[in-house]
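Got your viewer open? Here is a short walk through a few spots worth clicking on.

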Amino acid sequence: MLYPELFKQLESVRWDMDKDIPWDKFDASLLSEEQAQTIKMNAITEWSALPATEMFLRDNRDDSDFSAFMSIWFFEEQKHSLVLMEYLRRFRPDLVPTEQELHEVRFEFEPAPALETLMLHFCGEIRLNHWYRRASEWHTEPVIKHIYQTLSQDEARHGGAYLRYMKRAIANFGVEAKAAFAKVGVLMASARRTAQALHPTNLHVNKALFPRDTIQSRLPNPEWLEHWLDTQIKFDAVWENKVVERILHNMSLLMDRSFKSVQELNRYRKELQASLGGGAVPDPA
């Protein structure tokens with residue numbers, strides 16, 4: 001089982017909200033209105049770890065090890081929402097999300113293949129690590145800069161934990177797991193070919209609720225994410241390439257085969273699909 005070891009590792013580096021956040025360094029003159037508004041949106045978005053955890057537990061009933069790990073992931077992700085709300089409570093209480101605003105992002109996700117979902121969230125952790133690093137650079141107020149840097153490090157560690165479970169899946173399921181990971185890897189590394197940000201919180205997950213079946217669509221400002229990325233933190237092609245490089249690097253480690261481009265990974269995906277008897281398949285991106 002991976003859970004006992006991961007628990008020890010993550011417990012050893014866990015930060016304390018009271019002791020490790022430099023609340024006394026706050027400088028009100030360095031926090032703009034638009035920056036404060038984005039903190040509220042991110043606090044609500046992080047709250048969506050709640051329905052994601054419900055999904056993971058439902059779709060991994062046969063995997064108690066991974067389900068137990070969810071206790072760590074859920075705790076730390078909800079803590080992200082909590083620290084952002086604590087920042088607002090202290091310094092912009094008018095922007096603290098209401099319980100109803102938080103509850104809006106809790107809805108049922110349709111069942112999905114566990115392997116594909118695991119890879120999707122692994123890529124999501126990589127992307128969020130980079131988004132938060134960029135957010136830390138964009139912000140000017142020192143306390144929130146520190147918070148975003150802290151959150152980005154958590155997301156990187158979560159990605160590493162998911163990677164451990166992906167390695168275990170390949171050992172257990174072989175080509176089936178490799179094909180699932182390669183398929184989602186091609187999709188998530190092809191963000192420049194899509195009109196929206198590719199992250200689990202921005203993907204449609206319940207047809208019955210369409211178009212309000214993404215986390216972002218249920219925020220007080222559904223258009224916030226694209227504006228935050230494009231106009232505010234300026235998550236441009238250089239930063240997007242960093243995400244793609246990390247996905248390809250980790251795919252190379254997982255598959256024991258070097259991928260220098262999304263095209264190379266896509267060719268490998270087609271090879272895997274053919275070996276499973278799937279024949280010719282369309283580009284998932």
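**Stop one: an aspartate and its arginine neighbour**

Select D59 and R58 and show their side chains: the two make a polar contact at 2.7 Å. Keep in mind as you look that this is a predicted model. D59 sits in helix α3, which covers residues 49-59. Is D59 buried or exposed? Its relative accessible area is 19%, and because buried means under 20%, D59 counts as buried. To see what is around D59, add P111, A112 and A114 to your selection; D59 is in contact with these residues, leaving aside its neighbours within four places in sequence.

**Stop two: out on a loop**

Now jump to D24, in the loop between α1 (3-12) and α2 (33-47). This aspartate is exposed, with a relative accessible area of 65%. Next, pick V143 as well and draw a C-alpha to C-alpha distance: D24 and V143 are 8.2 Å apart in space, with their positions 119 residues apart in sequence.

**Stop three: helix α9**

Move on to residues 224-232, which make up helix α9. Which residues of α9 are buried? Colour W224, L225, W228, L229 and Q232, and you have them. Turn the view so you look down the helix axis: these buried residues fall within an arc of 130°, so they line one face of α9. The spacing fits a general pattern: an α-helix has 3.6 residues a turn, so residues three or four places apart point the same way. For what covers that face, show α2 and α6 (114-138), which are among the elements covering the buried residues of α9.

Finish on K234, which follows α9 and has a positive phi, near 50°.

Technical notes:
Residues numbered from 1 in each chain as written. Predicted model: local features only at pLDDT ≥ 70, side-chain atom pairs only at ≥ 80, totals over all residues. Heavy atoms only, no water. Helix = DSSP H or I, 4+ residues; strand = E, 2+ residues; numbered from the N terminus. Buried < 20%, exposed > 50% of the residue type's maximum accessible area, 1.4 Å probe, protein only. Polar contact = N/O pair within 3.5 Å; in protein donor to acceptor, adjacent residues only side chain to side chain. Contact = heavy atoms within 4.5 Å. Arc of directions from axis to C-beta.
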